[in-house]
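Hello,

Here is the structure I promised to pass on to you. Please open it alongside this message, and then read on for what turned up in it.

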Amino acid sequence: SNVKTGSVVVVASMQPTITASKTDLCPEESSALTVSGTFNSITWNTGATGTPLTITQAGTFTATTIDQNNCTASAQQIILAKASPVIAIEADPTVLAPGQSSQLTASGATTYLWTPPETLTDAAIANPKATPLVTTTYTVVGTAANGCTATQTIGIEIRNDLVDLKAPNVFSPNGDGINDVWIIPGIEGYPDCVLSVFDNYGRRILEQKGYSNTWNGTY
């Protein structure tokens with residue numbers, strides 16, 4: 001008989017660690033999954049290889065690694081889904097004459113942001129009043145308590161034919177801050193109008209295209 005002695009070295013495989021930039025996703029969001037450690041190869045259960053892995057939906061993601069000793073190991077990361085709010089939007093009324101206002105109302109979220117903000121009383125509340133000078137589409141972005149957002153739009157139509165122009169025949173330009181300029185309600189709906197003012201002798205004392213309610217009686 002004969003005896004020969006040898007040794008076998010057993011090495012532990014290097015265990016991967018997955019780090020997610022986001023562990024729960026709103027619709028349209030993405031997360032980057034990064035594997036820590038040095039490996040010869042990294043294969044995901046999605047068929048992708050390498051790190052990081054960019055994902056756009058919830059699920060369970062597994063990374064299988066082969067380290068420098070050709071040992072295999074794996075790790076998992078669960079990504080949860082978050083629901084977007086369901087936004088409802090109304091306008092009352094939806095057809096206006098220039099200078100009139102419409103009450104906008106949004107519901108279904110926690111906070112709101114409207115655009116365009118220039119013709120709104122407050123763009124950061126659920127129910128601002130809108131006073132557009134031209135036909136305008138308003139967009140509201142609603143954010144839920146979980147941070148997810150949703151968007152809705154509504155249009156307000158401006159019709160010049162609804163304007164009943166009644167120019168006042170008196171004003172008092174005396175510098176007291178009260179009724180100092182000649183204001184014609186609804187004239188904003190006619191930006192291309194030509195306004196002419198004549199005195200009792202037929203002399204033209206004012207002519208202006210697109211009157212903006214600013215005449216103080218001087219010429």
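**Aromatic residues**

W182 and W215 are both buried. Please keep in mind throughout that this is a predicted model. The ring centres of these two tryptophans lie 6.1 Å apart with the planes at 70 degrees, so the pair is edge-to-face. W182 sits in the loop between β14 and β15, while W215 belongs to the segment after β16, so this pair ties together parts that are 33 residues apart in sequence.

The model has 3 aromatic pairs. Another one of them joins W182 to Y211, and this pair is tilted, at 6.0 Å centre to centre and 50 degrees between the planes. Here the link is between the loop that runs from β14 to β15 (194–198) and the segment after β16 (204–209), so parts 29 residues apart in sequence are tied together. Like W182, Y211 is buried. Add F171, and you have one aromatic cluster made of F171, W182, Y211 and W215.

**The disulfide**

How many disulfides does the structure hold? There is 1, and it joins C26 to C148 with an S to S distance of 1.9 Å. C26 is in the loop between β2 (24–25) and β3 (31–36), and C148 is in the loop between β13 (136–143) and β14 (149–158), so the bond ties together parts that are 122 residues apart in sequence. As for handedness, the torsion about the S-S bond is about -90 degrees, so this disulfide is left-handed.

Are the two bonded cysteines buried or exposed? C26 has a relative accessibility of 5% and counts as buried. C148 is buried as well, with a relative accessible area of 1%. You may also want to look at C71, which has a relative accessible area of 18%; the cut-off for buried is under 20%, so C71 counts as buried too.

**Nonpolar cores**

The largest nonpolar core has 18 residues, and those touching the most other members are L104, Y112, W114, L120, Y138 and V140. Several strands feed into this core: β8 (88–92), β10 (102–107), β11 (111–115), β13 and β14 each supply at least two residues. Of these, β14 gives the largest share, with 4 residues. Another core lies apart from this one; that core has 14 residues, including I18, V35, W44 and A75.

Y112 is a good place to centre your view. Leaving aside residues up to four places away in sequence, Y112 touches I87, A106 and S107, then A123, A124, I125 and A126, and finally V140, V141 and G142.

**Strands and sheets**

Start with the open sheet of 4 strands, which has mixed pairing and runs in the order β2-β7-β6-β4. Its edges are β2 and β4 (41–44), each of which pairs on one side only. Between β2 and β7 (residues 72–81) the pairing is parallel, over 2 bridges. D24 has L80 of β7 as its bridge partner.

Next comes β10, which also supplies residues to the largest core. Which face of β10 is covered, and which is uncovered? The covered face carries S102, L104 and A106, whereas Q103, T105 and S107 are on the uncovered one. In a regular strand, side chains alternate between the two faces of the sheet. β10 pairs with β8 in the antiparallel sense over 5 bridges, and D92 finds its bridge partner in Q103 of β10. With β12 (residues 129–130), β10 again pairs in the antiparallel sense, here over 2 bridges. In that pairing, S102 stands opposite A130.

**One more residue: T136**

T136 is part of strand β13. Its relative accessibility is 13%, so T136 counts as buried. The T136 side chain reaches the backbone oxygen of V134 at 2.8 Å. Not counting residues up to four places away in sequence, T136 touches P116, I154, G155 and I156.

Happy browsing, and best wishes!

Key
Residues numbered from 1 in each chain as written. Predicted model: local features only at pLDDT ≥ 70, side-chain atom pairs only at ≥ 80, totals over all residues. Heavy atoms only, no water. Disulfide = S-S within 2.5 Å. Buried < 20%, exposed > 50% of the residue type's maximum accessible area, 1.4 Å probe, protein only. Core = buried A, V, L, I, M, F, W, Y, C linked by side-chain atoms within 4.5 Å. Contact = heavy atoms within 4.5 Å. Pairing = 2+ DSSP bridges. Phe/Tyr/Trp six-rings, centres within 6.5 Å; stacked < 30°, edge-to-face > 60°. Polar contact = N/O pair within 3.5 Å; in protein donor to acceptor, adjacent residues only side chain to side chain.
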